[in-house]
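Let's take a walk through a protein model together. Keep the picture open as you read and try to find each part as it comes up.

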Amino acid sequence: MKERLDKIISSRCLLTRTEAAKAIRRGRVSVDGKVCTIPDSKFDTCENVITLDGNKVKRSPYLYIMMNKPEGVLSATEDKNCATVLDLLPEEYARRGLGVVGRLDKDATGLLLLTDDGQLNHRLTSPKSHATKLYRVTTDKPALPEHIDAFASGMDLGDFIAKPGKLILGEGESFVEISEGKFHQVKRMFEKVGLHVLTLKRLRIGALQLDESLGAGEYRLLTEEEEKQIGAF
Ligand code: URA
């Protein structure tokens, strides 16, 4: 779809429309290798290669942020009493109307995806979504081979029956893969087999892996390859 060049630059490069128009008039933007100084000229990011200061401008107009959520912060966009993950982002990200793709508990850590792409958010979190989530868990007592079947057989958690999950035993920790994201689901599945979760870290959503080089509370934009992996285009 064709869009105005100033709109393309402002949405993808986190500039205001005025800043984007200024950058274009100053000759910082090229389209298919040629400088274009006309802010209202129209192009298609899927067909034209657009650069700002020599850096390729991404296709999707939406913002996709991967965060390594720290403990003690809410995975919500606002809260009267507690710090939220939005408080960890700079203003130019926060003002984009971001939503959290699948919450993590306050005490949980790891991969959190934030985006202003409402449709993709819905696709990834709807009950029909096939995107599995992988968690690393430590528990008060070791998970045992006999628990594997309990996780795989679809547990009755009182208010709902969890879809079959996969429990993988590790050294002093275990890994759980589930396709749903009900409130406290992983903790409740472990409680059901008599284990109490001590730490819970999300490592993957669908094909998107947590970048382990991100420290607690750090974030980065998804690469174009990762945007493709999550189905952004
Ligand atoms: N399951 C939980 O119990 N907590 C989370 O934060 C995510 C999955």
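We'll start with the overall layout, then visit one strand and finish with the cysteines.

First, some ground rules: this is a predicted model, where local features need pLDDT of at least 70, side-chain atom pairs count only at pLDDT 80 or more, and totals for chains, interfaces and linings use all residues. Residues are numbered from 1 along each chain as its sequence is written, and side-chain values use heavy atoms, with hydrogens and water left out.

The chain splits into domain 1 (3-56), domain 2 (64-127 + 207-229) and domain 3 (133-205), with bounds that come from an automatic or database domain assignment. Taken over C-alpha atoms, the centres of domain 1 and domain 3 are 47 Å apart.

Now find strand S10, residues 133-139. Strands here are DSSP runs of E with at least two residues, numbered from the N terminus. Five of the seven residues in S10 are buried, meaning under 20% relative accessible area with a 1.4 Å probe, protein chains only. What does S10 pair with? Two strands pair if DSSP finds at least two bridges between them. S10 runs antiparallel to S12 (residues 174-178), with five bridges, and Val 137 has Ser 174 as its bridge partner there. S10 is also antiparallel to S13 (residues 197-205), this time with seven bridges, and Thr 139 sits opposite Val 197.

On to the cysteines. How many disulfides does the structure hold? Zero, counting a disulfide as a pair of cysteine sulfur atoms within 2.5 Å. Take Cys 36: the closest cysteine sulfur, in Cys 13, is 14 Å from its own, so that is too far for a bond. Cys 36 is also buried, at 11% relative accessibility, and Cys 82 is buried at 17%.

How values were computed:
Buried means under 20% relative accessible area, exposed over 50%, partly exposed in between (1.4 Å probe, protein chains only). Helices (H or I, at least four residues) and strands (E, at least two) are DSSP runs, numbered from the N terminus.
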